[in-house]
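Me: Hey, can you walk me through this one? I've got it open and don't know where to start.
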Amino acid sequence: MRRSVNCPFSVQPDVVPPIWAGRHDEINDWVDIVRPRRVDGLSERPRLILGEAGLGKSTLVGYITEDAKQRGDLVTGQLRIPLGADPLSILASALVDLSGEIGFNKADAKIGGLLSRVTSISAKGVSIAMREKEAPEAFAAVRELMIRIGEAAVARKDTVILIHLDEVQNITDEAVLSQLLIVLGDVTATRVGVRTASNMTIERYLPIAVYLTGLPDFWDIASARRGATFGRRFDRRVLSPLSDKDLESALQSFVMDGWPVPDGEGGTTRIGMQPDARDAILDLCQGEPFLFQLAGYHAWYAGDSEIITREQVLHGWRTAKREALSHVERILERLPEREEQMIQAMAALPPEERSLKNIAREMGYSNSTQVASFARRLDTTRGLINRGAVYSFRHRALEAHLVRDWPEIPAGH
């Protein structure tokens with residue numbers, strides 16, 4: 001009954017898993033704020049979703065994208081930016097596809113010419129256009145096509161254009177990044193005239209919603225190059241690990257009712273989960289969405305009974321623990337030397353003694369002001385710690401790895 005085709009856990013990056021946990025604030029932000037305001041022609045800034053690997057940034061926007069599709073919106077899907085790639089070229093290609101979905105007629109001289117220019121940009125890239133002194137033309141063509149698509153969405157009514165650019169930290173060309181951010185910022189701030197039912201002409205904003213996702217480093221890169229304007233034009237959200245309450249809620253139907261699967265005879269049966277098996281998953285994953293899916297995935301394959309037991313969860317984790325450890329170690333390896341040193345110093349202190357003064361002393365500094373900038377980045381930029389009179393770890397898997405033997409399973413379990 002437990003087969004690969006009906007496993008409700010997924011460790012595939014960017015795939016929205018059937019078992020969904022948390023992120024209610026971000027989802028409600030889309031449902032209650034971003035989409036309604038854009039549909040009604042009100043201003044709303046693009047969203048910038050940042051966080052360390054494994055926190056589900058891309059999956060979150062994938063969930064939002066699926067919701068948008070069900071509402072009849074037009075979406076680009078996930079536009080992943082490989083390292084060194086031309087993001088405007090990738091965006092241009094997606095816009096050409098959207099123009100077909102929205103019904104643009106290439107026979108129309110004005111639209112046809114615009115589509116031809118943007119298609120050329122998507123083929124050869126903006127970087128080449130810039131070298132050939134065509135940057136203003138490339139910039140203007142992409143911007144104009146986005147505005148035209150937005151105007152067509154206005155005419156459709158109750159339709160939003162959702163654009164998602166992923167892995168934005170991979171944009172290394174300063175000029176291209178600048179143009180991309182300006183295009184997105186300009187278009188989402190563009191107003192057009194529309195006729196009301198009472199035959200008045202009013203101005204409204206285009207129904208275009210933009211989500212950018214990537215690692216925390218992008219904030220430093222973009223802020224340094226675009227300054228305060230970038231910070232004001234984009235609404236930044238730094239994701240944290242999920243709470244045990246969120247994860248428990250996600251598994252509650254598994255425990256109470258069981259997960260429905262085909263019984264092999266044309267009917268349906270259910271795979272349940274023992275409460276202590278659920279608790280084991282919560283303890284092992286430490287709030288990490290990726291590790292939550294990883295623990296559930298391996299528990300599913302650790303047996304074939306109708307009930308997932310604690311023993312099966314622990315057996316599956318023994319297979320998964322190397323991947324879990326590598327996942328957390330990569331986060332540490334990405335940190336600059338002083339930030340990594342601060343994390344290690346925090347872990348070396350008892351939780352109640354993690355004041356900035358004690359952390360600085362553990363790092364070999366005589367004054368806490370010498371390490372305040374590292375603490376600020378680890379909190380506000382990376383979302384790994386919480387500052388206060390006593391500092392604490394926000395990234396619980398990182399703390400578990402440094403303070404105890406996680407991801408090892410304690411003896412006797």
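Me: Let's pick a spot. Which residues is Gly-296 in contact with, leaving aside its neighbours within four places in sequence?
Reply: Gly-296 is in contact with Phe-9 and Ile-281, once those neighbours within four places are set aside. Contact means heavy atoms within 4.5 Å.

Me: Before we go on, how should I read the numbers?
Reply: This is a predicted model, where local features need pLDDT of at least 70 and side-chain atom pairs count only at pLDDT 80 or more, while totals for chains, interfaces and linings use all residues. Residues are numbered from 1 along each chain as its sequence is written, and side-chain values use heavy atoms, with hydrogens and water left out.

Me: OK, back to Gly-296. Where is the place of Gly-296, and is Gly-296 buried or exposed?
Reply: Gly-296 sits in helix 11 (residues 289–300). Helices (H or I, at least four residues) and strands (E, at least two) are DSSP runs, numbered from the N terminus. With a relative accessible area of 1%, Gly-296 is buried. The cut-offs are under 20% for buried, over 50% for exposed and in between for partly exposed (1.4 Å probe, protein chains only).

Me: What separates the C-alpha atoms of Gly-296 and Ala-277?
Reply: Those C-alpha atoms are 9.7 Å apart, and the two residues are 19 residues apart along the chain.

Me: Switching to sheets. What is the order of the open sheet of five strands?
Reply: The order is 2-3-6-1-7, with parallel pairing. Strand 2 and strand 7 (235–238) are at the edges with a single partner strand each, so one side of each has no neighbour in the sheet. Two strands pair if DSSP finds at least two bridges between them. On average, neighbouring strands of this sheet are turned by 15° against each other, direction ignored.

Me: Strand 2 is an edge, then. How many of its seven residues are buried?
Reply: Five of the seven residues of strand 2 (residues 74–80) are buried, so strand 2 is largely enclosed by the rest of the structure. Strand 2 pairs with strand 3 (residues 161–166) in the parallel sense over five bridges, and Leu-79 has Leu-165 as its bridge partner in strand 3.

Me: How many bridges join strand 1 to strand 6?
Reply: Four bridges join strand 1 (residues 47–50) to strand 6 (residues 208–214), and these strands run parallel. Ile-49 stands opposite Thr-213 in strand 6.

Me: Which strands does helix 3 touch?
Reply: Helix 3 (residues 87–101) packs on the sheet, touching strand 2 and strand 3, and its direction makes about 160° with that of strand 2. Axes are lines fitted to C-alpha atoms, for helices over the stretch in contact, and angles run from 0 to 180 degrees between N-to-C directions. Helix 7 lies across strand 3 and strand 6, at about 150° to strand 6.

Me: And the three strands in the other open sheet, what order are they in?
Reply: They go 8-9-10, and the pairing is mixed. Strand 8 (259–262) and strand 10 (307–308) are the edge strands, each pairing on one side only. Strand 8 and strand 9 (residues 268–273) pair in the antiparallel sense over four bridges, with Arg-270 in strand 9 as the bridge partner of Pro-260.

Me: Helices now. At what angle do helix 13 and helix 14 pack?
Reply: Helix 13 (residues 337–348) and helix 14 (residues 356–363) pack at about 110°, with their axes 9 Å apart. Helix 13 and helix 14 are therefore roughly perpendicular to each other, a label that covers 65 to 115 degrees (under 35 is roughly parallel, over 145 roughly antiparallel, the rest oblique).

Me: Which residues make the contact?
Reply: Among them are Met-342 and Met-346 of helix 13, plus Leu-356 and Ile-359 of helix 14.

Me: Any odd backbone spots?
Reply: Most residues other than glycine have a negative phi, and most peptide bonds are trans. Asp-158 has a positive phi of about 50° although it is not a glycine, and sits in the loop between helix 6 (135–156) and strand 3. At 48% relative accessibility, Asp-158 is partly exposed. Glu-167 also has a positive phi, near 60°, and is partly exposed at 26%. A cis peptide bond joins Trp-406 and Pro-407, with omega about 10°.
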